[in-house]
Amino acid sequence: MKTDLPFQNFFEIMLSYHNESEGILQVPPAIRRVHLPINGHIIGADVHLQEDSNQTPVVFFHGVLSSTSIASELFVDPSAESWISFSLPGHFPGTWQFPEGQPALNPSQIGFLYEEALGELIGSQPVITAGWSTGGFMAINHAICYPERVRAIASLAGFSCGRQVADMMRWLIWLSGVSLGSMVMKRGIQLSAAWPRLYYLMLGFFTADQKAATRIPHATSSTMYQEFRKHDADALTWFLAALPTLDITDHLSAITVPTWIAAGESDPVVPYAEAVGLSKAIAGSQLQTYPNAGHLFFSEWTTVQTDFEQWRRAF
């Protein structure tokens, strides 16, 4: 969808968000940021658990190029919820030891690492897994690997196979997987981290309408940028190159827990058809469609917080 918002004004708005908040952002005191050493890796997590609560904690996985801080955007009142937000492999605030050779990821091994992290944080307590984009894959994968742990799944613009992303993301993945292209990709990440104008331009490409990027709350957009600057460009490039090796499509039929599949109908990153495919493959799942919306659930899916809350209450 085209917008009548000039790029100059778009950048002025987004840069004002950055300038007003730069240097003062931090993890809120009520949220505990932890670093969990698991099998040579460090899994970063933002932890907000309510004591003496009967709530089932929500375990959130963010999307590629994002970070743990985006989890709070899923809730009507994040301060009243119990939740844990995990970093993806190769993403701040964690670190990842990637093997030499062709980039590849094993879904069962990834599931094991996060299950170990959950055990350290909450023991054997059941959870709801939720995730956005690649995080949606992680949420579904964990339910497949550890069905006794997961009571329900929420996938927001998620997918079951890394090869199913749209042309824009597929091009970035291809670029990350070839020697000269990976150098270009790393440099692009470094420039986006150093130059907020470029970062906000990139953010706009994830939307169905450029105006959606300007609707991101000031604190959210600035926190996203500040944490993007802390990512390791080498690790991000490796992870992007490994995405096509992720595939759990053949295991979707084994899922029996309540599953909420939400997607923007005009998502330029993960095609809407992927959400439809997930809903057909997972028996009893609920498909929530956001018309004329793109990939950014926190700015384009206007009712996502109440929809997520109502779905949890329903089951």
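Here is a short tour of the sheet, one helix packed on it, and a buried phenylalanine.

Before you click, note that this is a predicted model, where local features need pLDDT of at least 70, side-chain atom pairs count only at pLDDT 80 or more, and totals for chains, interfaces and linings use all residues. Residues are numbered from 1 along each chain as its sequence is written, and side-chain values use heavy atoms, with hydrogens and water left out.

**Stop one: the sheet.** Colour the strands (DSSP runs of E, at least two residues, numbered from the N terminus, as are helices, which are H or I runs of at least four). Eight of them make an open, mixed sheet in the order 1-2-4-3-5-6-7-8; strands pair if DSSP finds at least two bridges between them. Strand 1 (32–38) and strand 8 (286–290) are the edges: each has a single partner strand, so one side of each has no neighbour in the sheet. On average, neighbouring strands are turned by 20° against each other, direction ignored.

**Stop two: the strand 8 edge.** Select 259–264, which is strand 7; its pairing with strand 8 is parallel, over five bridges. Ala263 has Thr289 of strand 8 as its bridge partner. Now add helix 10 (272–281), which packs on the sheet and touches strand 6 (150–156), strand 7 and strand 8 (contact: heavy atoms within 4.5 Å). Its direction makes about 165° with that of strand 7 (axes are lines fitted to C-alpha atoms, for helices over the stretch in contact; angles run from 0 to 180 degrees between N-to-C directions).

**Stop three: Phe239.** Jump to helix 9 (233–242) and pick Phe239. Is Phe239 buried or exposed? Phe239 is at 0% relative accessibility, so it counts as buried (under 20% relative accessible area; exposed is over 50%, partly exposed in between; 1.4 Å probe, protein chains only). Leaving out residues up to four places away in sequence, Phe239 touches Val64, Leu88, Pro89, His91, Leu105, Thr134 and Met138. Val64 is 175 residues from Phe239 in sequence, yet their C-alpha atoms are 8.7 Å apart.
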